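Colleague: I'm new to this one, so could you walk me through it and let me keep asking how you know things?

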Amino acid sequence: SIDAPTPEALRAIDRPIFEDFWERYQRCIAALAEKPQRTVFRLTLVRGYNMTDLANYAGLVRQGQPDFIEVKGVTYCGNASSGADGELTMKHVPYHWEVIQFCQQLCAEANRLTQDSYQLACEHEHSCCVLIAHRKF
């Protein structure tokens, strides 16, 4: 899971227990680039937490070189503590069009860094999910 593009955002959304959480995160992403099998980044978008800073997301894509990027909007399952503002509510659930827009922008940013390698492959509106694939597929 690629939950956030910066150490500050990752701390806010994941509330990590290890002080070296960002270094661990970076090592995991770098390890994906070395894998011979197909790899995937999974992003769960939470409005107000991790739907900005596309340039840094694109940098993570360049670093990890995933074959696929699965992007979905967070699923609301009732109020839950989310840290900074206390409650995760329906206002944090992105619409499908917002997920598509995020993915289009992510592809554009990533393609600037990866020689035009990524494109939208498919979507499922009811699940609020979009798949980005490397062009080799």
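Modeller: Sure. A helix here is a DSSP run of H or I with at least four residues, and helices are numbered from the N terminus. Keep in mind that this is a predicted model. Just after α3, Q65 takes a positive phi of about 50°.

Colleague: What makes a positive phi worth pointing out?

Modeller: Most residues other than glycine have a negative phi. Q115 goes the other way, with a positive phi of about 55° although it is not a glycine. D116 also has a positive value, near 60°, and is again a residue other than glycine.

Colleague: Where is Q115, and is Q115 buried or exposed?

Modeller: Q115 is in the loop between α4 and β3. Its relative accessibility is 77%, which is over 50%, so Q115 counts as exposed. D116 is found in that loop between α4 and β3 too. At 43%, D116 falls between 20% and 50%, so it is called partly exposed.

Colleague: Why do D116 and R135 count as a salt bridge?

Modeller: Their side chains meet at 3.9 Å, N to O. The cut-off is 4 Å, so the pair qualifies. D116 lies in the loop between α4 and β3 (118-124), while R135 lies in the segment after β4 (129-134), so the pair ties together parts that are 19 residues apart in sequence. R135 has a relative accessible area of 40%, so it is partly exposed.

Colleague: How many salt bridges does the structure hold?

Modeller: Six. The general idea is that side chains of opposite charge can pair when their charged atoms come close. One of the six is formed by R42 and E70, with the closest N and O atoms 3.1 Å apart. That is within 4 Å, so the name fits. R42 lies in strand β1 (residues 40-45) and E70 in strand β2, so this bridge ties together parts that are 28 residues apart in sequence.

Colleague: Are R42 and E70 buried or exposed?

Modeller: Neither word fits. R42 is at 44% and E70 is at 25%. Both values lie between 20% and 50%, so both residues are partly exposed.

Colleague: What about R112 and E109, how far apart are they along their helix?

Modeller: They are three residues apart, about one turn of the helix, and both lie in α4 (residues 96-113). Their side chains meet in a salt bridge at 2.7 Å, N to O. R112 has a relative accessible area of 60%, so R112 is exposed, whereas E109 at 25% counts as partly exposed.

Colleague: Why is D67 called buried?

Modeller: Its relative accessibility is 6%, and buried means under 20%, so D67 is on the buried side. D67 is in the loop between α3 (54-64) and β2 (68-73). Beyond its neighbours within four places in sequence, its contacts include Y118, I132, H134 and F137. Its side chain also makes a polar contact with the side chain of K136, at 2.9 Å.

Colleague: Which residues of α3 are buried?

Modeller: L54, Y57, A58, G59, L60, V61 and G64. What covers them includes α2, β1, β2, α4 and β3.

Colleague: Why are α1 and α2 called roughly perpendicular?

Modeller: Two packed helices are described by the angle between their axes and the distance between the axes. The axes of α1 (residues 7-14) and α2 (residues 21-32) come within 10 Å and cross at roughly 105°. The roughly perpendicular range runs from 65 to 115 degrees, so α1 is roughly perpendicular to α2.

Colleague: Which residues meet there?

Modeller: P7, L10 and R11 in α1 meet F21, W22 and Y25 in α2. Those residues divide into five nonpolar, no polar and one charged.

Colleague: Last one: how do you know that L131 counts as partly exposed?

Modeller: Its relative accessibility is 24%, which is not under 20% and not over 50%, so partly exposed is the label. L131 is in strand β4. Leaving aside neighbours within four places in sequence, its contacts include F68, I69, E70 and L120.

Definitions and conventions. Residues numbered from 1 in each chain as written. Predicted model: local features only at pLDDT ≥ 70, side-chain atom pairs only at ≥ 80, totals over all residues. Heavy atoms only, no water. Helix = DSSP H or I, 4+ residues; strand = E, 2+ residues; numbered from the N terminus. Buried < 20%, exposed > 50% of the residue type's maximum accessible area, 1.4 Å probe, protein only. Polar contact = N/O pair within 3.5 Å; in protein donor to acceptor, adjacent residues only side chain to side chain. Contact = heavy atoms within 4.5 Å. Axes fitted to C-alpha atoms, helices over the stretch in contact; angles between N-to-C directions. Parallel < 35°, antiparallel > 145°, perpendicular 65-115°, else oblique. Nonpolar A, V, L, I, M, F, W, Y, C, P; charged D, E, K, R; others polar.
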